[in-house]
Amino acid sequence: GSQPHPRVLFHARMRFYLPAFLALAAAFAPAPGSAFMTTPTLRGSLHLSKASLAVAPRPAGARAFSSARIVCQAEPSDKITGTKFEENDPKKNPQGRAGHSVGAAMKEEVSPETARKREIIRLHQEKCPKPSWAEEIRTIVSQKEGFGTLATFSKKFDGFPCASIVGFTVDGKGRPLFCFSGMSVHTQNLLTNPKVALSVTEKGFRGAADARVTLIGEIETISGAEDAAQRQLYRESHPGAYWADFGDFKMYRFKSLADVSFVGGFARAGGVTVDEYEKAEADPLSGFAMPVMKHMNSDHQDSMKEYVQYLVGVEGDIDSAEMKRLDKYGFDVRVTKDNDSGVIRIPFLSVVADRSGVKTAIVSLSKQVAAIKEKKAAAEAGAAASS
């Protein structure tokens, strides 16, 4: 006889396999209402502790599967954080930029337990409190002693772009301000064609896991009485720019913005509207975040490692845990072990707005660690006594 239609075969097979699929999903699903104190961790040499995963027990009666025999196809995502390689939130990606076509390169077979852990990590990371994209972008662009890459249209080579590293600051609306010499190539270019793009990275930028912003718009020359005020604003942001008072240097700024795009790391690509950007405010900690992070990284490495190990649940020895970003909701830590690294979010217990609040919040984290260590020691002592 003739072969059944492929669609008929598909539905017949689904009726046979669907109950088993549902049972497997139930066996590894997190418990409803579970509260997780975990954030993205590193693959391979770094693992979540058993204590941090105990919040999602397997339902009674569910069959236990051997991870050595049962495997599944992991959805393409960052192996370090579990983040998917796309941004589907229309508020963060209003331009509708497509996700990465990862193809077969990112496909891997993992045990259901590993897949479940990664999903728990990913969901927690999504829910971890952070500044809005507009706030994060505004904070990056408002950095003191800021430098970025300015792209102009070449006057000498018609139609070709020309990129220059330039200093900048911002005005009250977040529009970049510049102090340029008339002899500079980029100055001659923008006077011919004022359409430009400015790319700015976060402080301490190292690679693809770090944040960067691109602003597109048109530049205008600032003249008259306004020049002196804007020049003073530039000098406050760049105190070493003595040349800003030279006679051949003039002030320029973005007259208008056409687009604000953002890449905050893996799978954090999109942008905000110009209106959202201009109405946002820089993070209140940005003015003193760098010295605080330098102090924590230089003098409190052991504490930083313990935050990752005890508050997040990362097991094993850690080579370094470096605070890379500090904001009113918490801080990001760049964790490194051997050749593996990743960025982990440590949230504060409450929002902070000043330097004293940061100190109080960090002390609270240390107290949490001490309580967890004490509880663990008591449990180990009890187990030893009963054995």
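Is Glu-145 buried, partly exposed or exposed? In this predicted model, Glu-145 is partly exposed, with a relative accessible area of 43%. That value lies between the limits of 20% and 50% that separate buried from exposed residues. The report begins with the protein as a whole and then returns to this residue and its surroundings.

## Overall composition

The protein has 387 residues, of which 40% count as buried. Its secondary structure comes to 10 helices and 14 strands. Among the contacts with a separation of 6 or more, 67% are made by residues 24 or more positions apart.

## Helix α4 and the loop after it

Helix α4 covers residues 133–141, and 9 of its 9 residues are buried, so the helix is largely enclosed by the rest of the structure. The buried residues include the nonpolar Trp-133, Ala-134, Ile-137, Ile-140 and Val-141. The charged residues Glu-135, Glu-136 and Arg-138 are also among the buried residues of α4.

The loop between α4 and β4 holds Ser-142, and Glu-145 has its place in that loop too. Ser-142 is partly exposed, with a relative accessible area of 29%. Leaving aside neighbours within four places in sequence, Ser-142 is in contact with Val-170 and Ala-282. Ser-142 and Ser-237 are 95 residues apart in sequence, while their C-alpha atoms are 9.4 Å apart in space.

Glu-145 has a further feature in its backbone. Most residues other than glycine have a negative phi. Glu-145, although it is not a glycine, has a positive phi of about 55°.

## Strands β4, β7, β8 and β9

Strands of a sheet pair through backbone hydrogen bonds, either parallel or antiparallel. Strand β4 (146–153) pairs with β7 in the antiparallel sense over 3 bridges. In this pairing Leu-150 stands opposite Leu-198 in β7. Leu-198 in turn has Leu-215 in β8 as a bridge partner.

Strand β7 (residues 195–201) and strand β8 (residues 212–222) run antiparallel and are joined by 7 bridges. Thr-201 has Arg-212 of β8 as its bridge partner. On to strand β9 (residues 249–263), β8 is joined by 11 bridges, and these two strands also run antiparallel. Here Ile-216 stands opposite Asp-259 in β9.

The table lists residue pairs that stand opposite one another in paired strands.

| Residue | Partner | Strand of the partner |
|---|---|---|
| Leu-150 | Leu-198 | β7 |
| Leu-198 | Leu-215 | β8 |
| Thr-201 | Arg-212 | β8 |
| Ile-216 | Asp-259 | β9 |
| Ser-320 | Thr-336 | β13 |

## The sheet β12-β13-β14

What is the order of the strands in the open sheet of 3 strands? The order is β12-β13-β14, and the pairing is antiparallel. Strands β12 (320–327) and β14 (340–347) stand at the edges with a single partner strand each, so one side of each is left without a neighbour in the sheet. Neighbouring strands of this sheet are turned by 25° against each other on average, direction ignored.

Strand β12 is joined to strand β13 (residues 330–337) by 7 bridges, and within this pair Ser-320 stands opposite Thr-336. Helix α9 (residues 301–312) packs on the sheet and touches β12, β13 and β14. The direction of α9 makes about 85° with that of β12.

## Helices α8 and α9

The axes of α8 and α9 come within 5 Å and cross at roughly 95°. That angle makes α8 roughly perpendicular to α9. Met-296, Asn-297 and Asp-299 in α8 meet Gln-301, Met-304 and Tyr-307 in α9. The residues of this contact divide into 3 nonpolar, 2 polar and 1 charged.

## The nonpolar cores

In soluble globular proteins, nonpolar side chains tend to be buried together. The largest nonpolar core of this model has 28 residues, and those with the most contacts inside it are Tyr-307, Leu-326 and Phe-331. At least two residues of this core come from each of α8 (289–299), α9, β12, β13, β14 and α10 (355–386).

Leaving aside neighbours within four places in sequence, the contacts of Phe-331 include Met-304, Tyr-307, Leu-326, Ile-344 and Leu-365. The charged residues Arg-325 and Arg-345 are also among the contacts of Phe-331.

Apart from this core lies another, of 27 residues, among them Ala-134, Phe-178, Phe-180 and Leu-257. Ala-134 is also one of the buried residues of α4.

Terms used:
Residues are numbered from 1 along each chain as its sequence is written. This is a predicted model: local features need pLDDT of at least 70, side-chain atom pairs count only at pLDDT 80 or more; totals for chains, interfaces and linings use all residues. Side-chain values use heavy atoms; hydrogens and water are left out. Two strands pair if DSSP finds at least two bridges between them. Helices (H or I, at least four residues) and strands (E, at least two) are DSSP runs, numbered from the N terminus. Axes are lines fitted to C-alpha atoms, for helices over the stretch in contact, and angles run from 0 to 180 degrees between N-to-C directions. Contact means heavy atoms within 4.5 Å. A nonpolar core is a set of buried Ala, Val, Leu, Ile, Met, Phe, Trp, Tyr and Cys residues joined through side-chain atoms within 4.5 Å. Buried means under 20% relative accessible area, exposed over 50%, partly exposed in between (1.4 Å probe, protein chains only). Angles under 35 degrees count as roughly parallel, over 145 as roughly antiparallel, 65 to 115 as roughly perpendicular and the rest as oblique.
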